[in-house]
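Here's a quick briefing on one glutamate's surroundings, the nonpolar cores and a group of paired rings. Have a look at the structure first.

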Amino acid sequence: MTVLGPWPSRWDLAGLLRRRWLLARLAAASHGLVYSNTVTNGHVVQSLARGSRPVVSHIHELESIIRSFGTKNFDLVSQHTRAYVACSNAVRDNLVEKHRIDPGAIEVVHEFIQIPSVTAEGASRSRARVFRELGIPAGALVVGASGTRDWRKSPDLFIQLAQAVRRRCLQLPVYFVWVGGSAASAAHWDELHYDIRGVGMEDQIRFVESRPNAIDVFCAFDVFALVSREDPYPLVCLEAASLGKPIVCFDGSGGARELVEHDAGFVVPYLDIETMAARTSELLGSEQLRRSQGVRAASKVRARHAVSVAAPKILKIIERYS
């Protein structure tokens, strides 16, 4: 296997030359098929798809990312791709509706994870450790979220959700924890902090920087809030669900609703913070509801989203075109 790594900057002449040499070498090799694991590398697909060599493109992106890489990039991908793997129905529908890809050329294989091996006792220890680290009192409830701190992941909406939940849960000690991104480098961090101060929730909202094992923090969550505006099929939802955390998410934002459905949390109208807050408060107010929805979420992840379930499906597609 050869890993090209990130594309060098235009100032890194030596890096660009090395990459072009490597692409030329790979293109000349006797590979029977190109498996491209993103929609963002049209130039690489063009270089490697020589002659009749088939390309299978595994698409993990929705429209804002596709557009950000430009029309030329997608044209190169679609020109050379013989079959598509979409990570969600939402991704498939976007390819068909926005880019006129033949539905018959697309197969959906939902995103997958290595199921975390966390015992109930281990999860309890992690929760207590995170509570101590973040200064959350024992007995509090936690609404969690995770992701980079950009427009698609919507950390600003997480703050709005926190404010709306607080209005509904005045009698409950509820804290809000976002894990991911970096306070030092994240765009708009000052604006987020401004909003936290503005709603008077400096004591209740925590933004935790990325860490090697976010699962430890997820163990501290009672409800997982996916506030993303656009998210093809977020792995963080699968990780949280695998730990028995019910999910609340927006309809029309991507593939999360395909996991949540009607029994692993709640799907609410797009950007409807008040309804999301109401559903989140409903979960916070009922341990029995949280547990039943969380058990169903974990069951779905094991049945549908384990590596052992999804990988053979992808292999079968690759073998079909090899």
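Beyond its neighbours within four places in sequence, E61 is in contact (heavy atoms within 4.5 Å) with T38, V39, T40, I66, V91 and P232. This is a predicted model, where local features need pLDDT of at least 70, side-chain atom pairs count only at pLDDT 80 or more, and totals for chains, interfaces and linings use all residues. Residues are numbered from 1 along each chain as its sequence is written, and side-chain values use heavy atoms, with hydrogens and water left out.

**E61**
- E61 is buried (under 20% relative accessible area, 1.4 Å probe, protein chains only) yet has no salt bridge (side-chain nitrogen of Lys or Arg within 4 Å of a carboxyl oxygen of Asp or Glu); R152, the nearest side chain of opposite charge, is 8.7 Å away.
- Its side chain makes a polar contact (N or O atoms within 3.5 Å, one able to donate a hydrogen and the other to accept it) with the side chain of T38, at 2.8 Å.
- The E61 side chain also reaches the backbone nitrogen of V39 at 3.1 Å.

**Aromatic rings**
- The whole structure has 8 aromatic pairs (ring centres within 6.5 Å).
- F158 and F176 pair edge-to-face (planes over 60 degrees apart), at 6.3 Å centre to centre and 75 degrees.
- F158 lies in helix α7 and F176 in strand β6, so this pair ties together parts 18 residues apart in sequence.
- F158 is buried at 0% relative accessibility, and F176 is buried at 1%.
- Ring pairs link F158, F176, W178 and F207 into a cluster.

Definitions and conventions
Buried < 20%, exposed > 50% of the residue type's maximum accessible area, 1.4 Å probe, protein only. Lys, Arg positive; Asp, Glu negative; His and termini not counted. Phe/Tyr/Trp six-rings, centres within 6.5 Å; stacked < 30°, edge-to-face > 60°. Helix = DSSP H or I, 4+ residues; strand = E, 2+ residues; numbered from the N terminus.
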